[in-house]
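Have the model open in your viewer, with the selection panel at hand. Follow the stops in order.

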Amino acid sequence: MSTSAILGLQWGDEGKGKLVDALCAEHDFCVRFQGGGNAGHTVYPGGQKIVLHHLPTGVLHSGCTNVLGSGMVIDPIRLIDEIDEVEGRGFKLKDRLIISDRASITTPLHLLLDSGREEGGGKIGTTKRGIGPTYADRYDRIAVRACDLIDKTSLKEALERARAVRASQINKPPTVSDMLPALLKAGERLKPYIADAALVLCEAVKENKRILYEGAQGAMLDIAYGTYPFVTSSHTLTGGIPAGIGSWTDVKRVIGVSKAYCTRVGEGPFPTELPKAEGDRLREKGGEYGATTGRPRRVGWIDLFALRYICKIAGVTEIAITKLDVLSGLGDLKVGVGYEGYAHPGLPADIRAFSALKPTYKALPGWKDNISAVRKPEDLPAAARSYLRFVEEFVGVRIGLISVGPERDAAFVVRGAPKG
Ligand code: GDP
Ligand code: IMO
Ligand code: MG
C-alpha cells in the first residue's frame, strides 16, 4: 500500500501544490483533509498557470480521484467557480471528485464574521475566506454541512440554527431567505459529488490504491502547534489526516515541504524575517505574493531550529526543499540555528515568549550559477550541495526532493545526502 502526505513545514506557500502535482501521476487518489478556500496552490500543468483553492491538485491528472475530506470547510460558490475553471481548461471531473457529506459549509455569515473580526481589534491577517468562523460553527455544533446543501428543509433548518446564534455578531446580517437560494442552487450543482468520503477511502485502502494526502497551510499555522493565535483554524500536521478524512490511515511517506528560505503572510511573529531592503530583494526574486489574496509575503531566512522541531512532531520521513533556484546570486546565505539564550528543544507555546525569540545564525557560502535547469543533485554547485547537507544534518531528516523552478518537471529526487 502506498500512502504519502505532502505537508507544509513553515507558514504555508512552501510549494506544496507544485510537488503534489509532480507526484500525482504515481497516485490513484489525491485527498485534502483540512482547510478550505484559504489555500492557494499554484501549479503549471503544460505551462499554463492554475491556482487551486479547494480542489486537490490531482484534478489536473486524469487518473486521479480527488477527495475533499470531512475535515475541510467549503465555500460552495467559490468551489463551483473553481470546478468551472478547471473543467474549462480541459480537466474533466465527472466521476473523479468526491466531496464529503460531512464537510462544513462556509456561508455569507462566516464571510461577514471573518471580515468583521479582521476590521475590529486583534487582527490575524486572515484570508477573509470565512475559515475561522466556519470551523467555530462546526465545534459549536451549529454548522451547515455538505449533506444539508442537497435537502431544502435541512438547509433551511441549518441556516436558521446558525443565524440564531451569529446574527447578533454581524452588522446587517443576511436573512435565511437571502442566503437560501444561492446555496440551494450550489447544492444542486454539487449533488453528484457529495458522498460518504470516509467509506470511499476505506475501500481505496482495501484495494491497495495509492493515496496522496495534500496538506494546506503549514505547520507553523497549525491550530495547536503553530504561533497561536496567529494561525489558521485547522490541524495542518499529520495528525489532522485521520481526523480530516474520517477513517484511520497509516501514512508511510510524510514529505515535509520547506522553501530554501522562509515566508509568511499575515500577522504574527517571524523570528528570521529579513529587514526591509533585503526582504524586498528576496521577495521580488522569489515572486513572493500571496496566491489567494495577492498580499506581499514577508520573507526571511530558513529557520532550521523550528524545522527540526516540526519534523519531529509531524513524523516527517523526508524533506522537500523548494525554490532553491531563488537563492542563486544572493551572496552569503544565513540559516537560523537557534535563539539567543534559548535552551529548550521545542518551540515556546506562549506567543509572547515566541515573539521574543532572537535567532542565531550560521552563515553559509552562496552560489552564483543559475540552477533552474539542474535535474540531478550532483549537477548543483558545490555551495548549494553544502547548503543542503547542512540543512539535512541539522534537522536530522533526509532531503528526498529538490525543486528548482515552478514547472512540473523542475524537481528531482535525491537518494541519500547530495555528495559534497
Ligand atoms: P503552496 O501553497 O504551498 O502550494 O505554494 P504557493 O503556490 O502558494 O506558492 C509557491 C510559489 O512558488 C508558486 O508561485 C509556485 O509556482 C512557485 N514555486 C514552487 N516551487 C518553486 C521552485 O522550486 N522555484 C521557483 N522559482 N518557484 C517555485
Ligand atoms: P497555502 O495552502 C499562507 C494564513 C493567513 C493568516 C492565517 C489565518 O496556500 O499554503 P485564515 O484565512 O486561514 O483564517 O488565515 O493563516 N494562511 C495562509 N498563509 N498560505 C496559506 O495556504 C494560508 N492559509 C491561511 O495569511 O495569517
Ligand atoms: Mg499557497
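Select R297 and ligand 1. An N or O atom in the side chain of R297 is 3.1 Å from an oxygen atom of ligand 1. Keep in mind that you are looking at a predicted model.

Add G15. Here the contact comes from the backbone: a polar backbone atom of G15 is 2.8 Å from an oxygen atom of ligand 1. Next, add V404. A backbone N or O atom of V404 lies 3.4 Å from an oxygen atom of ligand 1. How much of the accessible area of ligand 1 does the protein cover? On its own, ligand 1 has 580 Å² of accessible area, and the protein covers 92% of that.

**The shell around the ligand**

Now select every residue within 4 Å of ligand 1. You should have 20 residues. Pick out K16, G40, T42, D325 and S403, which are the closest. Colour the shell by class. Five residues are nonpolar, eight are polar and seven are charged.

Switch on a pocket display, if your viewer has one. Ligand 1 sits in the second largest pocket.

**Where the shell comes from**

Show the cartoon and select helix 1, residues 16-24. Which element gives the largest share of the shell around ligand 1? Helix 1 does, with three residues. Select strand 3, residues 41-43, as well; helix 1 and strand 3 each supply at least two shell residues.

Then colour by domain. Domain 1 takes in 3-99 + 196-254, and domain 3 takes in 259-413. Each of these two domains gives at least three residues to the shell around ligand 1.

**Backbone stops**

Leave the ligand and look at the backbone. Most residues other than glycine have a negative phi, and most peptide bonds are trans. The next stops depart from that pattern.

- Select Y228 and P229. The peptide bond joining them is cis, with omega at about 10°. P229 is placed in the loop between strand 11 (211-214) and helix 9 (240-245).
- Select N208. Its phi is positive, about 60°, although N208 is not a glycine. Look for N208 in the loop between helix 8 (197-206) and strand 11.
- Select K323. This residue is not a glycine either, yet the phi of K323 is positive, near 60°. K323 lies in the loop between strand 16 (318-322) and strand 17 (333-339).

To finish, return to ligand 1 and show G15, R297 and V404 together. G15 and V404 approach the ligand oxygens with backbone atoms, and R297 does so with its side chain.

Notes: Residues are numbered from 1 along each chain as its sequence is written. Chains are lettered from A and ligands numbered from 1 in the order in which they are written. This is a predicted model: local features need pLDDT of at least 70, side-chain atom pairs count only at pLDDT 80 or more; totals for chains, interfaces and linings use all residues. Side-chain values use heavy atoms; hydrogens and water are left out. A polar contact is a pair of N or O atoms within 3.5 Å; within protein, one must be able to donate a hydrogen and the other to accept it, and residues adjacent in sequence count only if both atoms are side-chain atoms. Accessible areas come from the Shrake-Rupley method with a 1.4 Å probe; for residues, only the protein chains shown count as cover. On a 1 Å grid over the protein atoms alone, a cavity is a set of points where a 1.4 Å probe fits but cannot get out, and a pocket is an open set with protein on both sides within 12 Å along at least five of seven lines; lining residues have an atom within 4 Å of a point. A molecule sits in a cavity or pocket if more than half of its atoms lie within 2 Å of its grid points. Helices (H or I, at least four residues) and strands (E, at least two) are DSSP runs, numbered from the N terminus. Ala, Val, Leu, Ile, Met, Phe, Trp, Tyr, Cys and Pro count as nonpolar, Asp, Glu, Lys and Arg as charged, and the others, Gly among them, as polar. Domain bounds come from an automatic or database domain assignment.
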